[in-house]
Amino acid sequence: MSEKLKWGILGCASIAKRAVIPGIRASERNEVAAIASRDAEKASRTAEELDIPVAYGSYEELLADDSIDVVYIPLPNHLHREWTIRAAQAGKHILCEKPLALTAAEADEMVAACADAGVQLSEAFMYRWHPRYDAIKEIIASGEIGELRGIRSAFTFNNAEDMSNVRYKREWGGGSIYDVGCYPISAARLILGQEPEAVTVQALFSERHGDVDMMASGLVEFAGSVSLTFDCGMWAAFRNPLEVLGTGGIIEVPSAYVTGSPGSGSFFVQSGGQRREVVVADMNVYAAQADALARAISGEAPLRYTPQDAVRNMAVIDACLASARERNRVELGASLSRL
């Protein structure tokens, strides 16, 4: 690719300003060319603040800009489907924030629209682009920690006093399972290389916060009697660990999804009575994410994580939410096999 891809940002979300836009700029193959908001003044102010060349007062205007190659969609979850489909119809490639949609059915519709339009669609699970996950899978495959017995992970933070936060609007796709529970679910599927058979989830639904799940704890069952046990929350102290348990050892990842600080990409392996640190060089996962999409757009390499993977992850999220609301175990093997 002789020229960098030009990106347009749909919305002025904090994740875009704090992480994704700097990541695109740190990448090799991409540049941020425009930003849009439904509030023209907000778009102009953000563009000036972030030194973005063009500001649009509507999403439609940005999609009509023929110079834009790729759009990043950090909008609230309930808007992902609409604007992904509209971006695809405008001929734009798309990086859409996780979770891809509100349901697997919506996600499937988005994937089909992008396929029909001949554009690339990538779900913004930035953590997967960190090379330590390849290292973790290699250690498991080597037999160093023995036979797998389970995965345990969590992702929690406390934002409960921000009562105007979009995460607390149920109809907008609010709640901790959508926002952070999706990470342990995705990671377990990635590490095990298979889809779960059933889920059971218990959740704290808060009337103060729009009746969304402010905390949830779950069991996700995979084949071979291996399970993911996870918890996620928006009303608890911050943490994001992951642990892979084997018959002869343990892999410990203290910061499984957030790797912004120096050294946070490293992890530990306990086996044979020893505990060693596996040092992984610091990297910008947001830049890696953008460059991977650029390679797919140029035809150099297919997307490592396909859009259909996002549909399957949504199916597990659907099951977790149903289990939490209905207080029962939800089987999903048959439904996942059709996706």
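Here are some numbered notes on the predicted model above, written as one colleague to another.

1. **The core.** Let's start in the middle. Nonpolar side chains tend to be buried together in soluble globular proteins. In this model, the largest nonpolar core has 121 residues, and the ones with the most contacts inside it are Ile94, Ile251 and Phe267. Helix α7, running over residues 176-192, gives the most to this core, with 11 residues.

2. **A look around Ile251.** Pick out Ile251 on your screen and see who sits around it. Which residues does Ile251 contact, leaving aside neighbours within four places in sequence? From the stretch numbered in the 130s and 140s come Ile136, Ile139, Ile140 and Ile145. Then there are Leu242, Glu243 and Val244, and finally Phe267, Phe268 and Val269. Phe267 also appears among the residues with the most contacts inside the core.

3. **Helices α1 and α8.** Two packed helices are described by the angle between their axes and the distance between the axes. For α1 (residues 14-26) and α8 (residues 285-298), the angle is about 60° and the axes are 7 Å apart. That angle makes α1 oblique to α8. The crossing of α1 past α8 is right-handed. On the α1 side you will find Ile15, Ala19, Val20, Gly23, Ile24 and Ala26, which meet Tyr286, Ala287 and Ala290 of α8. Sorted by class, this contact has eight nonpolar residues, one polar and no charged ones.

4. **Helices α4 and α5.** Now compare with another pair. The axes of α4 (residues 80-89) and α5 (residues 104-117) come within 9 Å and cross at roughly 5°. Why is α4 called roughly parallel to α5? Angles under 35 degrees count as roughly parallel, so this pair earns the label. His80, Arg81, Thr84, Ile85 and Ala88 are the α4 residues here, and they meet Glu106, Glu109, Met110, Ala113, Cys114 and Ala117 in α5. The mix in this contact is six nonpolar, two polar and three charged residues.

5. **Helix α5 again, with α9.** α5 has another partner to look at: α9, which spans residues 307-326. Here the angle is about 170°, with the axes 8 Å apart, and that makes α5 roughly antiparallel to α9. Ala104, Ala107, Asp108 and Val111 in α5 meet a set of α9 residues: Pro307, Gln308, Val311, Met314, Ala315 and Asp318. By class you get seven nonpolar, one polar and two charged residues in this contact.

6. **A cis bond before α5.** While you are in this region, check the backbone at Lys98 and Pro99. A cis peptide bond joins these two residues, with omega at about -15°. Pro99 belongs to the loop between β5 (93-97) and α5.

7. **Positive phi in two loops.** Asp211 is not a glycine, yet its phi is positive, near 60°. Asp211 sits in the loop between β8 (198-206) and β9 (212-221). Ser225 also has a positive phi, of about 60°, and is not a glycine either. Its place is the loop between β9 and β10 (227-233). Buried, partly exposed or exposed: which word fits Asp211, and which fits Ser225? Asp211 has 27% relative accessibility, so it counts as partly exposed. Ser225 comes out at 72%, so it counts as exposed.

8. **Ser255, a buried loop residue.** Ser255 lies in the loop between β13 (249-253) and β14 (267-271). With 15% relative accessibility, Ser255 counts as buried, because the cut-off for buried is under 20%. Not counting residues up to four places away in sequence, Ser255 touches Arg132, Asn240 and Ser264. How many Å separate Ser255 and Asp116, C-alpha to C-alpha? They are 38 Å apart in space, and 139 residues apart in sequence.

9. **Glu60 on a helix.** Last stop: Glu60, found in helix α3, which covers residues 59-63. At 38% relative accessibility, Glu60 counts as partly exposed. Beyond residues up to four places away in sequence, Glu60 touches Trp83 and Arg86. Tyr178 is 118 residues from Glu60 in sequence, and the two C-alpha atoms are 27 Å apart.

How values were computed:
Residues are numbered from 1 along each chain as its sequence is written. This is a predicted model: local features need pLDDT of at least 70, side-chain atom pairs count only at pLDDT 80 or more; totals for chains, interfaces and linings use all residues. Side-chain values use heavy atoms; hydrogens and water are left out. A nonpolar core is a set of buried Ala, Val, Leu, Ile, Met, Phe, Trp, Tyr and Cys residues joined through side-chain atoms within 4.5 Å. Buried means under 20% relative accessible area, exposed over 50%, partly exposed in between (1.4 Å probe, protein chains only). Helices (H or I, at least four residues) and strands (E, at least two) are DSSP runs, numbered from the N terminus. Contact means heavy atoms within 4.5 Å. Axes are lines fitted to C-alpha atoms, for helices over the stretch in contact, and angles run from 0 to 180 degrees between N-to-C directions. Angles under 35 degrees count as roughly parallel, over 145 as roughly antiparallel, 65 to 115 as roughly perpendicular and the rest as oblique. A crossing is left-handed if the near helix is turned anticlockwise from the far one by less than a right angle, and right-handed if clockwise. Ala, Val, Leu, Ile, Met, Phe, Trp, Tyr, Cys and Pro count as nonpolar, Asp, Glu, Lys and Arg as charged, and the others, Gly among them, as polar.
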